[in-house]
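Let's look at a structure together and ask how each label is earned. Here it is, ready for some friendly questions.

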Amino acid sequence: MKRFVSLDLLRGLSIFGMVFSAAIPYGVLPAWMYHIQNPPPKHILDITSYGLGWVDLVFPVFIFCMGAAIPFAFRAKWKKSGRNTLRDMTNIGERFLMLLAFSYLCNLLQPSLPGYWSNFLILAGFGALWLIYVKGASLKIRIAGWVVSLCLLAVYTFVFDVQITLFSRNIIILLLAFLYLLGALIWYYTSDSVKWRLVAFLGVILVSLLSRYTGFDDLLYANKNLSWLFNMEEINFLMILLPATWVGDRFYNMFRENETSIDRKGILTHVVFWGLLVLVVWICVSSYNRWLLEGKFFTIIAIAGLVLLMKKAAPKYLPFLYLSGLLILSGLWIERFEPGITKVPCSFSYCFVSGGVAILLLMWLHYICEMFPRGFLIKIFTGAGANPLMSYVAPSLFVSPLLGITFLNTLYNRANPEGYPWIGALSAFLLVLFTMWLVSLVSRKKIYWRA
């Protein structure tokens, strides 16, 4: 079965958003260019700031993409070699451990070191990750990658006095590792029953509720012996991932039956699918500005209108719109019982609304892929999205040291003049886009990193 290009595109855009939002000038751009709870100029966490901005969406969108990809990965494997529970459980465990290892390696192999020659060490770390994670590598190649990684860590520890602790991990990748483990197991044992997956989804909500009302969340965060590895976000974000597995299942069946094409019914088709993007923008704008009443009112009207139009233009996509609308409206309703939409601590409304928005974006991008299949930017982001591990670390482990070695970092720094933050943002945009393009070139050669 061919790749789910629309999902690769959404994943590529979410990775671009994560990297770009971390590369823009610090503390000088308008507040909507940063996480709502980390406002400029000091970016100190403020858990009393509520709302949903574009930066707050990129991570949950990536979680959604992970969930939607799970059915594709397993069902394609079953189609080739049949279902084997022992093999599948082994694969889930191996991928979890490889992601867990990646969460440490991608951090530890890029320490902040002075001097020109440290750039070569970081590039060597990128090469080591390549040997460990490149798809199809033999056992000898992977062992070589581990040997290089351990040697580099020894150099960093004993020569440069870099401290290595249990907290020396990338929290995003660590969280994704646990989400994959739990989400894949739940999907696997409910793959033939939507009813039982709904029960699992409700069970996640119940566990999250109990942990909040009993104070278990706070106990985990306060216990350093546990918080380095486990926290309740690894459960809470399943409220995004589990609905995504249903979306993945349904799209898989549509691909199998060749029913993914979008009928071109004149301007109505364009109005419907561009309306999905307009609704996403409205949700972000209204939530960011705390237009709570207006936000709910217009969102209800917009979803109802889109349902009526989609019945005429693209009825096969109605189930996705129904699920998206249910999640978004449930999240907006639940928000009245919470202080507000917050990523930290992870609120129910945050998970529900962002999960619903991710479905809208996937449908819109599927339309874009249907209308402009050969677009230059589409090729870049689909290629980067098909190689998420490489896309995530290439900016810091490959492009950044390469700029240092060639002294092009001096030119890049001059493209960030003080007092002109938008020029700096544009420079960051172009650099991250260049990195995504490089990864897309690698993907075209059928070279992928896989955990």
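Q: Why is Glu 335 called buried?
A: In this predicted model, the relative accessible area of Glu 335 is 6%. Buried means under 20%, so Glu 335 is buried.

Q: What makes Glu 335 and Arg 290 a salt bridge?
A: Their closest N and O atoms are 2.6 Å apart. The cut-off is within 4 Å, so Glu 335 and Arg 290 form a salt bridge. The pair links distant parts of the chain, 45 residues apart. Glu 335 sits in the loop between α14 and α15, and Arg 290 in the loop between α12 and α13.

Q: Why is Arg 290 called partly exposed?
A: The relative accessibility of Arg 290 is 27%. Partly exposed lies between under 20% and over 50%, so Arg 290 counts as partly exposed.

Q: How do you know that Asp 249 and Arg 197 meet in a salt bridge?
A: The N to O distance between their side chains is 2.9 Å. Since the rule asks for within 4 Å, the pair of Asp 249 and Arg 197 counts. This pair also links distant parts of the chain: Asp 249 is in helix α11, Arg 197 is in helix α7, and they are 52 residues apart.

Q: Are Asp 249 and Arg 197 buried or exposed?
A: Asp 249 has a relative accessible area of 9%, and Arg 197 has 6%. With the limit for buried at under 20%, Asp 249 is buried and Arg 197 is buried.

Q: What makes Glu 257 and Arg 256 a salt bridge?
A: The closest N and O atoms of Glu 257 and Arg 256 are 4.0 Å apart. The rule says within 4 Å, and Glu 257 forms a salt bridge with Arg 256. Glu 257 has a relative accessible area of 44%, and Arg 256 has 48%. Exposed would need over 50%, so Glu 257 is partly exposed and Arg 256 is partly exposed.

Q: How many salt bridges are there by this rule?
A: The count comes to nine. Arg 3, Asp 8 and Arg 11 are linked in a network of salt bridges.

Q: How do you know that Glu 233 has no salt bridge?
A: The nearest side chain of opposite charge, Arg 212, is 7.1 Å away from Glu 233. A salt bridge has to be within 4 Å, and Glu 233 has none, although Glu 233 is buried. Glu 233 belongs to helix α10. Beyond its neighbours within four places in sequence, Glu 233 is in contact with several residues, including Leu 175, Tyr 221 and Lys 343.

Q: Why is Val 344 called partly exposed?
A: Its relative accessibility is 34%. That lies between under 20% and over 50%, so Val 344 counts as partly exposed. Val 344 is in the loop between α14 and α15. Together with Leu 45 and Ile 47, Val 344 forms a nonpolar patch on the surface, with about 240 Å² of accessible area.

Q: How do you know that the radius of gyration of the chain agrees with a compact globule?
A: For 451 residues, a compact globule would have a radius of gyration near 22 Å. The chain has 22 Å, so the two agree. Its C-alpha trace spans about 65 × 60 × 55 Å along the principal axes. Buried residues make up 52% of the chain, which has 19 helices and zero strands.

Technical notes. Residues numbered from 1 in each chain as written. Predicted model: local features only at pLDDT ≥ 70, side-chain atom pairs only at ≥ 80, totals over all residues. Heavy atoms only, no water. Patch = residues over 30% accessible without salt bridge, like charges linked within 9 Å, V, L, I, M, F, W, Y side chains within 5 Å. Areas by Shrake-Rupley, 256 points an atom, 1.4 Å probe, with all protein chains shown as cover. Helix = DSSP H or I, 4+ residues; strand = E, 2+ residues; numbered from the N terminus. Buried < 20%, exposed > 50% of the residue type's maximum accessible area, 1.4 Å probe, protein only. Lys, Arg positive; Asp, Glu negative; His and termini not counted. Contact = heavy atoms within 4.5 Å. Rg over C-alpha atoms; globule rule 2.2 N^0.38 Å.
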